[in-house]
Amino acid sequence: MLRYWTAGESHGKTLLAMIDGFPAGVELETDSIDVELRRRQGGYGRGGRQRIETDRVEILTGIWKNTTLGSPIALQVVNKDYKLERLDDIERPRPGHGDLTGSVKYMSSVRGILERASARETVVRVAAGALAKQLLRQFGITTIGYVVELGGIEVEPRDVPIEEQFKLRDKSELYTLDPDRDAEIKTLIDDTGKEGDTLGGIVEVRVEGLPFGLGTHAQWDRKLDGRIAQAVMAVQAIKGVEIGLGFEAARRRGSQVHDPIQYDESQKESPNLGYVRPTNNAGGLEAGMTNGQPLVVRAAKKPISTLAKPLESINLKTKESESAEYERSDVCAVSAASVIVENVVAFEVACALVDKFGSDSLEEMKARADLFYEMARAK
Ligand code: EPS
């Protein structure tokens, strides 16, 4: 069983992730984890904090000569902006944040809640996901995340090979698949920032090369769609998750939703085993299992709740009406969300992969995957 937890506060000393159940024998490239961390810090519309930090991963345990040992992996990203002990509490909770509910529930300061609730924690979720991607790569599984809507401006995904998608996305300052739309979106972000407001959006993640049959129909908490939905919803500021057609499926007739099944002998050797689907409205998952089609997940991110032009709130001491507190923040972090959601999805896919093929060593996993394909093809 592969799993992870995180620890750390936004302005504390460090952020940590502890990953348990990662197989032995995976040669790690820490540089490619740092690339993900840098991408998470980017995207037009981010705040001043990203000019202070240069997020880099340090792998503290669980490796020898850069190769995983099968023992727990502890990793950290140190905060340059460590100042927690010097920070004051805040008295006017920000609507949309955990400030009010957390401080009432824990009988604590607001500071004690916001420091952990902050999306800064996603640094180590991305690092854990980027580590998982190194395992996925060994099985020919590729993931990409991009922005499909920002502040109400839709940017359609492109139906081009995934290598082309990477090139387009990496040209876009907003991480969309249409860099030609950047100028329009940047103007919207600038105008919104000037008004002291913030923007949300929708991100999409696509996973290609998945083996047939990851996840299960047999028990609710092991269904892969359910596990992905939980992981994605648990990302700060995410308010909705869709797989495949998602909510649109509810508006169509069955004949316009379900993907017909065809067989193409020439594709027998590929991960889809020759079972071809002319459409992928299911988003690669049927009954909680991967069906040989690309996995397609979308997530809706609400606008950041710290507003430069603050909303109505109260003073927690006096209970009198006052404007909410303002602390340095971003106008828009939707591009960053595309990196975060991509990496949390990658981690869940890796969990399902080790559930199917074992988690002791990469060598055994590969042998078991080969055996599974051999047996499935013989049917
Ligand atoms: C973040 C760092 C934070 C915020 C942001 C996420 O930095 P600071 O609070 O020091 O400015 O910019 O946090 C939020 C958006 C939030 O709602 O908590 C980061 O590194 O991602």
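This report covers the salt bridges, the ligand site and a few single residues of a predicted model.

## Salt bridges around Arg298

In the whole structure, 37 salt bridges are found. One of them joins the side chains of Arg298 and Glu204, with an N to O distance of 3.0 Å. Arg298 belongs to strand 15 (residues 295-301) and Glu204 to strand 9 (residues 201-208), so this pair ties together parts of the chain that are 94 residues apart in sequence. Arg298 is buried, because its relative accessibility of 17% falls under the 20% cut-off. Glu204 is likewise classed as buried, with a relative accessible area of 7%.

Arg298 also forms a salt bridge with Glu242, and the closest N and O atoms of that pair are 3.0 Å apart. Glu242 lies in strand 10 (residues 238-243) and Arg298 in strand 15, so this contact links parts separated by 56 residues in sequence. Glu242 has a relative accessibility of 22% and therefore counts as partly exposed. Arg298 thus has a salt bridge to Glu204 in strand 9 and another to Glu242 in strand 10.

## A further pair and a network

Glu286 and Arg277 form another salt bridge, in which the closest N and O atoms are 2.9 Å apart. The two partners fall into separate accessibility classes: Glu286 is partly exposed at 29% relative accessible area, whereas Arg277 is buried at 11%.

Salt bridges also link a set of residues into a network, made up of Arg40, Arg49, Glu53, Asp55, Asp81, Lys83, Arg120 and Arg328. Among these network members, Arg40, Arg49, Arg120 and Arg328 are also listed among the residues around the ligand.

## Ligand site

The ligand occupies the space of the largest pocket. The residues around the ligand are His11, Arg40, Arg46, Arg49, Gln50, His97, Ser118, Ala119, Arg120, Ile304, Arg328 and Asp330.

Oxygen atoms of the ligand make polar contacts with several of these residues, including His97, Ala119 and Arg120. For His97, a side-chain N or O atom is 3.3 Å from a ligand oxygen. For Ala119, the contact is through a backbone N or O atom, also at 3.3 Å from a ligand oxygen. For Arg120, a side-chain N or O atom lies 3.0 Å from an oxygen of the ligand. The ligand taken alone exposes 470 Å², and the protein buries 90% of that area.

## Thr122 and its contact with Ala119

Thr122 is part of helix 5, which spans residues 122-137. Its relative accessibility is 1%, so Thr122 counts as buried. The side chain of Thr122 reaches the backbone oxygen of Ala119 at a distance of 2.6 Å. Ala119 therefore takes part in a backbone contact with the Thr122 side chain and is also in backbone contact with the ligand.

## Asp197

Where is Asp197 found? Asp197 sits in the loop that connects helix 7 (182-194) to strand 9. Strand 9 is also the strand that holds Glu204, the salt-bridge partner of Arg298. With a relative accessible area of 36%, Asp197 is partly exposed.

The C-alpha atom of Asp197 is 40 Å from that of Leu2, and the two residues are 195 residues apart along the chain.

Methods
Residues are numbered from 1 along each chain as its sequence is written. This is a predicted model: local features need pLDDT of at least 70, side-chain atom pairs count only at pLDDT 80 or more; totals for chains, interfaces and linings use all residues. Side-chain values use heavy atoms; hydrogens and water are left out. A salt bridge is a side-chain nitrogen of Lys or Arg within 4 Å of a carboxyl oxygen of Asp or Glu. Helices (H or I, at least four residues) and strands (E, at least two) are DSSP runs, numbered from the N terminus. Buried means under 20% relative accessible area, exposed over 50%, partly exposed in between (1.4 Å probe, protein chains only). A residue is near a molecule or strand if one of its heavy atoms lies within 4 Å of it. A polar contact is a pair of N or O atoms within 3.5 Å; within protein, one must be able to donate a hydrogen and the other to accept it, and residues adjacent in sequence count only if both atoms are side-chain atoms. Accessible areas come from the Shrake-Rupley method with a 1.4 Å probe; for residues, only the protein chains shown count as cover. On a 1 Å grid over the protein atoms alone, a cavity is a set of points where a 1.4 Å probe fits but cannot get out, and a pocket is an open set with protein on both sides within 12 Å along at least five of seven lines; lining residues have an atom within 4 Å of a point. A molecule sits in a cavity or pocket if more than half of its atoms lie within 2 Å of its grid points.
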